[in-house]
Amino acid sequence: MKKLIRKIGLVAHDGMKKDLIEWVIWNSELLMGHKFYCTGTTGTLIRSALKDKHPDEEWDITILKSGPLGGDQQMGSRIVDGEIDYLFFFTDPMTLQPHDTDVKALTRLAGVENIVFCCNRSTADHVISSPLFIDPDYERTRHDYSNYAKRFENNPVVQEAVGNVEKKKGSKTL
């Protein structure tokens with residue numbers, strides 16, 4: 001039987017890093033053997049905590065850039081590429097984030113790709129204790145966005161744009 005490996009994204013705002021680290025350590029036995037993608041500082045702290053708790057365990061952790069320095073976009077790319085099934089993103093609801101648009105983009109991509117998305121410890125506790133977390137037969141429903149991707153097929157938008165540019169350039173002739 002093939003070992004179930006969940007692909008898990010771990011992200012936390014500065015004010016929530018301690019909470020996420022505690023959650024990961026508390027659930028470390030359940031998290032063993034899974035693949036992790038973490039934004040920079042959060043991943044470095046989590047890897048250190050896991051090595052302290054389980055020094056003989058090999059953890060599969062990919063550390064991306066710090067969230068505001070591009071790590072959020074790297075995480076989003078992995079979500080779109082199907083490399084992340086779960087995103088545990090402990091957000092700080094009391095602090096304005098300079099990269100708030102990146103946070104919103106991650107939230108949107110989690111919805112588009114229909115992955116599990118947790119923004120706090122309570123939700124994360126419910127998710128990790130769900131029988132679906134360890135069910136190897138569970139597959140998330142994937143939405144069909146092919147109509148959206150093809151919305152400009154048979155649409156004269158390119159020809160119209162080219163025609164408009166040619167008209168404007170033609171009217172500027174000396």
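## A tour from pocket to cysteines

About 180 Å³ of space lies in the second largest pocket, a pocket being an open set of points on a 1 Å grid over the protein atoms alone, where a 1.4 Å probe fits and protein lies on both sides within 12 Å along at least five of seven lines. The volume is the space filled by probe spheres set on the points, with grid points joined across faces, edges and corners. Before you click further, note that this is a predicted model, in which local features need pLDDT of at least 70 and side-chain atom pairs count only at pLDDT 80 or more, while totals for chains, interfaces and linings use all residues. Residues are numbered from 1 along each chain as its sequence is written, and side-chain values use heavy atoms, with hydrogens and water left out.

**Stop one: the pocket lining.** Select A12, D14, K17, P68 and H99, which lie nearest the centre of the pocket among its 17 lining residues; a lining residue has an atom within 4 Å of a point. Colour the lining by type and you should find five nonpolar, nine polar and three charged residues, where Ala, Val, Leu, Ile, Met, Phe, Trp, Tyr, Cys and Pro count as nonpolar, Asp, Glu, Lys and Arg as charged, and the others, Gly among them, as polar. Now show β1 (7–12) and α3, each of which supplies at least two lining residues. Helix α3 gives the most, with three.

**Stop two: around α3.** Helices (H or I, at least four residues) and strands (E, at least two) are DSSP runs, numbered from the N terminus. Select residues 35–38 (β2), 40–53 (α3) and 60–63 (β3): together they make a right-handed β-α-β unit. Right-handed here means that, with the strands pointing away from you, the path from the first strand over the helix to the second runs clockwise. The two strands run parallel and are joined by four bridges; a pair needs at least two bridges found by DSSP. Zoom in on Y37 to see T62 of β3 opposite.

Next, pick G40 in α3. G40 is buried at 10% relative accessible area, buried being under 20%, exposed over 50% and partly exposed in between (1.4 Å probe, protein chains only). Draw a C-alpha to C-alpha line from G40 to P131: they are 30 Å apart in space and 91 residues apart in sequence.

**Stop three: the cysteines.** How many disulfides are there? The count is zero, with a disulfide taken as a pair of cysteine sulfur atoms within 2.5 Å. Select C38, which is buried at 0% relative accessibility; its sulfur is 14 Å from the closest cysteine sulfur, in C118, too far for a bond. C118 is buried as well, at 0%, and its sulfur lies 7.8 Å from the closest cysteine sulfur, in C119, so no bond can form there.
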